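Please look through the model below with its sequence alongside, and then follow the paragraphs after it, which move from one part of the chain to another.

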Amino acid sequence: MNTNFLFSSVIFFFISFQNLQAHHKTINVTFVSPNIKIHKFWGLVYSFAKASSQDLNINLQIIYTKDGNHYTYLPSFESAFIQNNKPDLVIGAFFKSRVFDTLEVSKKYDIPIFMINTGIHKDERDSDYIRKKYSTFIGHMYPNEEYAGYILAKHLISLKKKKNPNIKIRVVGITGHRNSPVTHHRNFGLQKAVKEEGAILEQIVYANWSGDVAYNMASRSLSRYKDLAVIWTASDKMAINANKSIIMNNRQDSVVSGGLDWTKDAIDKIKNKELEVSVGGHYSELGFALVLIHDYFHGRDFYDELGGEITTKMSLLTRENIDKYYKFLIKQDWDKIDFSKFSKVLNPEIKKYNFSFDELIKNYKMAQ
């Protein structure tokens, strides 16, 4: 008998059995959403994460907040820690001026937290906040919002430059909530792109993520700035409404607009050539954070590879590349993705985590 073969087979069986056991250990996670259940962007976040949680044997509970802001979010966040059935981990989002208050809640109840979606304002940064001063803070995944605002502005300005290379491109920004770090970082990206392109930023106005307010702001801007070429907006919802104003004012031949989030409405409008661009992909973060949390609770810490602060980059969806991604993004059939394939615990051969959309599409096609 080949004893080496027998020994290898036993080891393989033992590792496989361990992985199977790990997969069947349920992890209870509560996510405290910054917004309501029917919010278009956060609805994408929820549906994507639900599919991920099912593949990873994670019991995901979501606590919705009516109007998440730095005043109202913290009480909702704390409510997750005082449930009768306490979670193994709580996921939340940071708000400006509430970062350390949020961390203290986790410390108080001695329940780990993983934060997503929003970065930390430079005024609140502390080099010891990752797993040093706050041992219950195991990780923080958020998109590079400045980069997102930057590539959106660069794309819109370049579209106008192709048609009018010798004209100064005039830009108006319509952005989100004043107290949101997301708003400010996206604004920084807009300002950086305008400076690089030698364009003129007429003003940035705050619309609190409201489509109706964005419509009114766009209408005023079109009336005020007769040579306006670009309306940059910090969300798809605001972009779609700004675009309605552009059409109502018969300026669609001279003004372009785009937003962020990759919502279904925006994707359809890009496909139908009614909107220029959307920047997105970050709604996947909660689903992928669950992969890291799964591995962390099963003894495979992501910290060694990724660190505790994980930044992701969004991507441009334009009229030029819409056909490549349209079917996958519009169907949102996340259940056909096997999220267990992204886990290092369940797939020991994985050397580095790969959470790209191309990898998602590859996984999706294999299931067809």
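Is F77 buried or exposed? With a relative accessible area of 0%, F77 is buried, where buried means under 20% relative accessible area, exposed means over 50% and partly exposed lies in between, for a 1.4 Å probe and protein chains only. The structure is a predicted model, in which local features need pLDDT of at least 70 and side-chain atom pairs count only at pLDDT 80 or more, while totals for chains, interfaces and linings use all residues. Residues are numbered from 1 along each chain as its sequence is written, and side-chain values use heavy atoms, with hydrogens and water left out.

Taken as a whole, the chain has 13 helices and twelve strands, these being DSSP runs numbered from the N terminus (H or I over at least four residues for helices, E over at least two for strands). Of its 368 residues, 54% count as buried. Among contacts (heavy atoms within 4.5 Å) between residues at least 6 apart in sequence, 76% join residues at least 24 apart.

The aromatic rings come next. Rings of Phe, Tyr and Trp (its six-membered ring) pair if their centres lie within 6.5 Å, and planes under 30 degrees apart count as stacked, over 60 as edge-to-face and the rest as tilted. By this rule the count comes to 28 aromatic pairs. In one of them, the ring centres of Y46 and Y64 are 5.1 Å apart and the planes stand at 80 degrees, so the pair is edge-to-face. Because Y46 lies in helix α2 (residues 40–55) and Y64 in the loop between β2 (58–63) and α3 (73–79), this pair ties together parts that are 18 residues apart in sequence. Y46 is buried, at 5% relative accessible area, whereas Y64 is partly exposed, at 33%. F77 and F81 also form an edge-to-face pair, 5.2 Å from centre to centre and with 65 degrees between the planes, and F81, like F77, is buried with a relative accessible area of 0%. Elsewhere, ring pairs link a cluster whose members include F48, W262, Y283 and F357.

F77 also leads to T102, a residue of helix α4 (residues 99–109). T102 and F77 are 25 residues apart in sequence, yet their C-alpha atoms are 7.9 Å apart in space. T102 is buried, with a relative accessible area of 2%, and, leaving aside neighbours within four places in sequence, T102 is in contact with L74, F77, F94 and M115.

Further along the chain, the axes of helix α9 (residues 264–271) and helix α12 (residues 322–331) come within 11 Å and cross at roughly 145 degrees, the axes being lines fitted to C-alpha atoms over the stretch in contact and the angles running from 0 to 180 degrees between N-to-C directions. The contact is made by K264, I267, D268, I270 and K271 of α9 together with I322, D323, Y326, L329 and I330 of α12. Two of these residues appear again in another arrangement, for K271 lies over the face of Y326, at 5.2 Å from the ring centre.

Two loop residues deserve a look at their backbone. Most residues other than glycine have a negative phi. W209, in the loop between β7 (200–206) and α7 (211–224), has a positive phi of about 70 degrees although it is not a glycine. D261, in the loop between β9 (256–260) and α9, likewise has a positive phi, near 135 degrees. W209 is partly exposed at 25% relative accessibility, whereas D261 is buried at 9%.

How values were computed: A charge sits over a ring if NZ of Lys or CZ of Arg is within 6 Å of the ring centre and within 35 degrees of the ring normal.
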